[in-house]
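Q: Please take a close look at one helix of this structure and at what packs around it.

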Amino acid sequence: PAPLGDLAKKHHRYFGSAVDGPGFADPAYLKLLGSEFGQLTPANAMKWYATEPERGVFDFTAADQVVSFARAHHQKVRGHTLLWHNQLPAWLTEGTWTAGELRAVLKNHIQTVVRHHKGRIMHWDVVNEAFEEDGTYRESLFYKTLGPGYIADALRWAHEADPHAKLYLNDYNVDGIGPKSDAYHRLIKQLKADGVPVDGFGIQGHLALQYGFPADVRQNMQRFADLGVEVAVTELDIRMRLPATPEKLATQATWYADYVEACLAVEKCVGVTVWDYTDKYSWIPGVFPDEGAALPYDEHLRPKPAYHAAKAVL
Ligand code: XIL
């Protein structure tokens with residue numbers, strides 16, 4: 001049977017997976033990771049705490065492991081992420097910074113990381129989760145110290161360091177049309193008008209059965225495409241309250257298929273990434289108590305109904 005990645009390729013899309021450290025010690029996991037998927041995203045290895053654990057001291061060990069594996073298996077790589085309010089090193093969050101100092105720290109971080117991987121990264125999630133649910137700017141260290149212009153600056157610095165990488169803004173709860181996705185629509189429109197290098201909108205796609213399938217997914221993707229940027233589904237998982245039942249798994253399967261179909265229906269939707277492929281390594285149970293079973297393979301690496309449903313629409 002053809003792998004998801006190969007099937008997606010026939011539609012000029014990719015189908016990818018996130019991967020994290022523990023998976024690299026698991027041969028059965030790696031076998032599927034290398035054969036089934038056409039794209040990888042490091043779940044943690046490119047975050048600031050991992051790449052610049054001390055000021056000016058960079059560590060690319062974990063990131064290079066992902067990039068080397070991907071290259072060996074002819075997989076594309078999404079770089080995730082340059083600026084985010086979470087998983088920052090203590091030296092950064094505990095420091096007191098003038099705007100001038102923080103700008104210099106940001107520029108050095110972005111350009112050192114992007115330069116290190118230059119030519120090997122298809123997309124960079126340059127800024128992750130910049131907005132609140134109501135569409136106001138998140139009061140991150142970056143926003144509070146530098147104002148909203150930090151986003152345009154970050155994009156320009158990243159572009160300078162690797163002009164061929166496509167630069168994305170990425171967030172969750174932006175699947176449908178609403179205040180948060182509206183904020184991105186306005187921002188990307190403005191960035192484009194100002195000539196700022198922005199190429200894509202990343203829709204994380206962390207869904208939960210109990211909240212219902214988001215409305216207007218395709219229309220939302222299309223309105224970003226109409227601004228002249230690509231769209232990618234960057235972190236798809238569909239969690240449920242445990243225990244999983246055949247009914248819940250069947251609903252989940254439909255949702256996976258519907259999400260993949262939405263991407264196929266929008267020409268500028270370039271691909272779908274699941275936030276790891278197996279329930280064995282999903283981040284969900286660690287963060288959402290009593291929830292899980294969010295991915296297309298179960299914890300024994302067996303394909304679930306969701307896997308077959310996604311495949312059926314590809
Ligand atoms: C998650 C990782 O999967 C976890 O291992 C980590 O403990 C926390 O971060 N949105 C994002 C991702 O953009 O970076 C997050 O990844 C999940 C939510």
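**Helix 6 and its surroundings**

A: The UniProt annotation "domain: GH10", from an unreviewed entry, covers residues 1-313; UniProt positions follow the numbering used here, feature names are shortened, and annotations may be inferred rather than shown by experiment. Residues are numbered from 1 along each chain as its sequence is written. The model is predicted: local features need pLDDT of at least 70 and side-chain atom pairs count only at pLDDT 80 or more, while totals for chains, interfaces and linings use all residues.

Over residues 1-313 the chain is 42% helix and 18% strand (DSSP runs, numbered from the N terminus: helices are H or I with at least four residues, strands are E with at least two).

Helix 6 takes in residues 99-116, and its end C-alpha atoms are 26 Å apart, which agrees with the 26 Å expected for 18 residues (1.5 Å times one less than the number of residues). Its buried residues are L106, H109, I110, V113 and V114 (buried: 20 or more other C-beta atoms within 10 Å of its own; exposed: 12 or fewer; partly exposed: in between; C-beta atoms placed from the backbone). Seen down the axis, these buried residues fall within an arc of 110°, so they line one face of helix 6 (the arc is that of the directions from the helix axis to the C-beta atoms). The face turned away from the buried side carries the exposed residues G100, E101 and A104.

The buried residues of helix 6 pack against helix 3 (48-51), strand 3 (76-83), strand 4 (123-128) and helix 8 (150-161) (contact: C-beta atoms, placed from the backbone, within 7 Å). V113 is also among the residues touched by M46, not counting residues up to four places away in sequence. M46 sits in the loop between strand 2 (39-42) and helix 3, and counts as buried with 26 C-beta neighbours inside 10 Å.

Terms used: Contact = placed C-beta atoms within 7 Å.
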